[in-house]
Each structure stands twice: as structure tokens, then as C-alpha cells.
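Here is a short report on one protein chain. Keep the sequence and the 3D view open while reading.

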Amino acid sequence: MIDFRTSPEAWRHWRLSVDGPVARLTMDVAEDGGLATGYELKLNTYDLGVDIELADAVQRLRFEHPQVKAVVLESGKDRVFSAGANIRMLAGSDHAHKVNFCKFTNETRNGIEQSSAQSGQRYICEIAGPAAGGGYELALACDEIVMADDGNTSVALPEVPLLAVLPGTGGLTRLVDKRRVRRDRADVFCTLEEGVRGKRAVDWRLVDVVAPKSKLEEATAARIAEAVASSDRPDAAEGVALTPLARRESADGLSYEYLDVRLDAEARTAEFLVKGPAEGPPADATAMRDLGVAFWPLALARELDDAILHLRLNAPEVGLWILRSAGDGALVTAHDEFLAANAGHWLAREITLFWGRVLKRLDVSARSLFALVEPGSCFAGTLLELVLASDRGYMLDGAFEGDNRPPATLRATAANFGRYPGVNGLSRLATRFLDDDAAIAGIEAAREQELEGAEAEALGLVTFAPDDIDWEDEVRIAIEERAAFSPDALTGMEASLRFPGPETMESKIFARLSAWQNWIFQRPNAVGEAGALSRYGSGQRAGYDMKRT
């Protein structure tokens, strides 16, 4: 089992030091620290375990170190930055692991970029020694790249000529969309095994500045000063310790404080029961800070994030995630309003941004998503986003016979109108009603109202609203039907339908790039007996089927 929970005392591959507003995140990968046997993590190459630690470090910088305004990402190895993803790890991994590895590393790098763009915590990468493949892709996630100008240091994306695969963590997209590298130069760069160094790297926009090794720290310090001066993070604030996340595991699921996940291996389903808060929000931002990880929005976000990652890697045959909720929607709304009222506070901002990342992680998971809205549900505001993220939403119209609870309701609030943009840059409402201003205006007019099934269906917030006579059969048939379809076809269908509208750098990475890489990872030119990944390091040339498809 792969566990995404970790902490600094358990890290084997990263060191974090903090000095006032500046942090240094040092990559020093333990060669014998791989998640599996059969490979050594030489030259700062990495596997999923290395990136799990990086994701934890990035998260802790945001929550535990609010005073940090600049993060320097550097290598702890002499004469090498990073040779990227470990090739023997990739060659020995099954297809699902390769794809999930790339997805998680992409999400981690997107988190770095969100921190830079929205949290006031800017990343500066200092490269001394070769940065190849995923090593350079990690640098591309940073705001600025400072590189040593010597005969040893270069940047490269050599996957196409060496391995017959693509730079799998956004390298192609970040070259042209983020760094604005000319496409003809990008074409040359991505076919050069040896990479580019020195002045050409700056001229081609592959890095921002080069400096002799003796002046590298001076060049980095200038960028640090600019990042610190431009940040709005507080100079003096007490962070929130991300204490170990409690998760109870059993043969049929997972259990947290505010989330239960029940697995049905035969039906290939996972039922998520999201629990609303038991009481209203704290009195003020100080009380929120004192609650720390016990504050309901932060606690639930951590739990949901962990459950998504756990199921992705450890339950690959569970193809349908069913989302339910239980609690008081008014209390959910009250917490949303509290976070909005304290949006200027660093912690409220970080919690809101964290929810945005969790919801995106749900969006890009290769699982079917059904939401069930029943009596006792609390799908309001932030939790309504779970319904809007789903491929289908079923809502009971009225109440079940003999059930003395009020009819099922849901509520749209200000949180649903842009607070949590998806990977296409649009709110989930705008994604659902693409260019349909009248439909969105109708929901806007019903904001803060408790909507029952027929009303929610008429507004387009759910797909179907059966009554109690038809509910059980309609839901059962839909679930059984979904389980009978090809998971490959469903993954392609869902990824194509979930992100209409404009393309962003993120949507290109998770849709276009991921689709191509998924395909390439199964092609014999890469993973066949004579494929480039299979023969890497053997001294034998790869044998390619030269037909273009």
C-alpha cells in the first residue's frame, strides 16, 4: 500500500530550512530510498516517494510558515541538480502506476505555481549541475530559474530521443505556455539529448539568468529580495501545525472524523459520506488559528485529499465514486461565510486555496463520479461543488415514505460563483452552463434558497430528481450500468466532457498531455521488449515500429 501521509521527521529525500521570510528546500535524494525494489535513485532521480515528500513540504510551507515569502529550491548533490524521474522505476512500473505518478507530480507542481500566484510565496530554482527531464520540469514550476554558467550545468528534456515518451509532468506545456519559448526553438530543445547551457539558455527563455558559479548565490539573492519585497504574506504570524492525519482502515473502507469511505469490491464502488460541521464557525480569525487542523473546513479538506489519493493508487478497480453528505447545510454555509469575511487573513486564504486544489484533484481523477442528494444531506456552498464536479447528480424529490426528516435540499451560495475555479479556469457552474448566461442568472436568483429536487432539476443543478417510488431502481440501474462499461472508454469520455470551454495550461497538462502520455506509455516503441524504456541502459538501441499513427 502506498501512503501519502508523511512528515519532516520521516523525510528521506528533502531538507527544509527557514530563516525569516526565506526558506530553502533542498533535494538530496537517498539512493536506497525508493518505494520499490529494483532501482537506485542515483543523481537525484526521483520516484513517487520523493514527490510525496515534496508535496508535504510545499503544504507545510503554506500552513506552518506563514512568514515565508520566498522559497529557494536547490540540489544537495555536488555537480548535479536532478536527472529527473528514475528510468528503471518507470520501466519496472505497471501502466497504472506510471500514469498516476505523472498525475501526482503534475498536481504537486501546480500547487507550487498556485502558491506563487495566489499565496505570495514565490519559488526560485537554483540550478548547479545538469537538470534533465523531470528535474528541469521541477525547475519550470518555479517563478524564476537561476543557472550556473559553467561547462557542467545544462537544462534538457531528453525524453523523446532517449526514451520514446514525453516529458510527463508538464514540460512541453510549460515551455511554450508559461515561459513563452518559441515553438521552433522548443522543437529543437526537446530533441537534444545533451540539452542547452549558458547564454543560449537565457536567449531561448529556458532560464532567467546565468551566472558564474562564484556569483550564483549573489544572483539568487537578488531574486529573493525581489520576491520578499513583492509578497503580502505576514511578517509575523503563528502557523498551523499539520499534525498527523488520523485514518482508520478496515477491509471495507476508510474512516476519518468528517469522512467515511465504504468500499464494495464486487460492485466496484466507493461511497464517500462527507459530514458537515457539528457547530458554527469560530468567533474570529484568532479563534480559527487556535483551532488549527481541528477547524472543520481544513480538517475535511485534508481528509478528502488523502482519501482521493489513497483510492487512486490503492484501489484501481474501484471505478465509481459515489458522493453523499450528511449534516446541516446552514452550518456549512456559515463556515463559507466566515472564510469569505476573513479572506484577508493568511490562514483563511490558504484553506480556501486548499479546497480549490482538492476539488481539482477530484476533477482529474480517472473515476466516475455520481452525487446522491438525499434527506439529511448538506450539499451547500463548498460542498455543493462536489455535486457540480460529478458526472451525474441524482436528487430525491421529496422524502422517503416513513422518513420523518424534511425533504432533500441543496443550496447555491457565493462560494459557487468563482471561488473554486477548475482546471479550465471557470467555475463549475460556468463549466456546466457554458455560455448560458440565462441559466446561471436563474441560479443566481435562487442563491441562498433551500432548493428541493424538482426545483434543483429545473435549474440544472442535478441531472435527475426521481421521487421515492423510482429512486432506488433509478440509482441502482445507473450504478450497475456504469460498472459494466469499459473503464478505458469511461476515462476518455469523462476527461473529454469535464473540461469544456477555454484551454489553460492546467487543462492542457491534464487533458491533452495526459491523454497522449497515457497512450504512449502503452506503445511498444516505449515499453515493448525492444522499446526505448525497456532497453535504456542496456547498450542496445531501441527498435521502433516506424509507422506514424
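## Arg312, a buried arginine

Arg312 is buried in this predicted model. Its relative accessible area is 2%, so Arg312 falls under the 20% limit for a buried residue. Arg312 sits in helix α11, which spans residues 296-314.

What does the side chain of Arg312 reach at 2.9 Å? The partner is the backbone oxygen of Arg361. Arg361 is also listed among the contacts of Arg312, and so are Asn100, Lys103, Glu107, Trp321, Val364, Ser365 and Arg367; residues up to four places away in sequence are not counted. The chain also brings His97 into this picture: 215 residues separate His97 and Arg312 in sequence, yet their C-alpha atoms are 9.5 Å apart.

## Thr169, a buried loop residue

Thr169 lies in the loop between α5 (159-163) and α6 (171-178). Is this threonine buried or exposed? Thr169 is buried, with a relative accessible area of 4%.

Its contacts beyond four places in sequence are Tyr46, Cys102, Thr105, Asn106, Arg109, Glu137 and Arg174.

## Two nonpolar cores

The largest nonpolar core holds 67 residues. Phe272, Leu383 and Leu410 have the most contacts inside it. Phe272 touches Leu259, Asp260, Val261, Leu304, Ala307, Leu311, Trp321, Ile322, Leu323 and Arg324, leaving out residues up to four places away in sequence. Trp321 thus appears in two contact lists, that of Phe272 and that of Arg312.

A second core is separate and has 66 residues. Among them are Leu73, Ile127, Ile520 and Ala526.

## The six-stranded sheet

Six strands build an open sheet with mixed pairing. Their order is β1-β2-β3-β4-β6-β8. Why do β1 and β8 each have one side without a neighbour in the sheet? β1 (14-19) and β8 (209-211) stand at the edges, and each has a single partner strand, so one side of each stays unpaired in the sheet. On average, neighbouring strands are turned by 20 degrees against each other, direction ignored.

Within the sheet, β3 (residues 70-75) and β4 (residues 122-127) run parallel and pair over four bridges. Val72 has Ile124 as its bridge partner in β4. Helix α9 (residues 216-230) packs on the sheet. This helix touches β2 (22-27), β3, β4, β6 (144-148) and β8. The direction of α9 makes about 175 degrees with that of β4.

How values were computed:
Residues numbered from 1 in each chain as written. Predicted model: local features only at pLDDT ≥ 70, side-chain atom pairs only at ≥ 80, totals over all residues. Heavy atoms only, no water. Core = buried A, V, L, I, M, F, W, Y, C linked by side-chain atoms within 4.5 Å. Buried < 20%, exposed > 50% of the residue type's maximum accessible area, 1.4 Å probe, protein only. Contact = heavy atoms within 4.5 Å. Pairing = 2+ DSSP bridges. Helix = DSSP H or I, 4+ residues; strand = E, 2+ residues; numbered from the N terminus. Axes fitted to C-alpha atoms, helices over the stretch in contact; angles between N-to-C directions. Polar contact = N/O pair within 3.5 Å; in protein donor to acceptor, adjacent residues only side chain to side chain.
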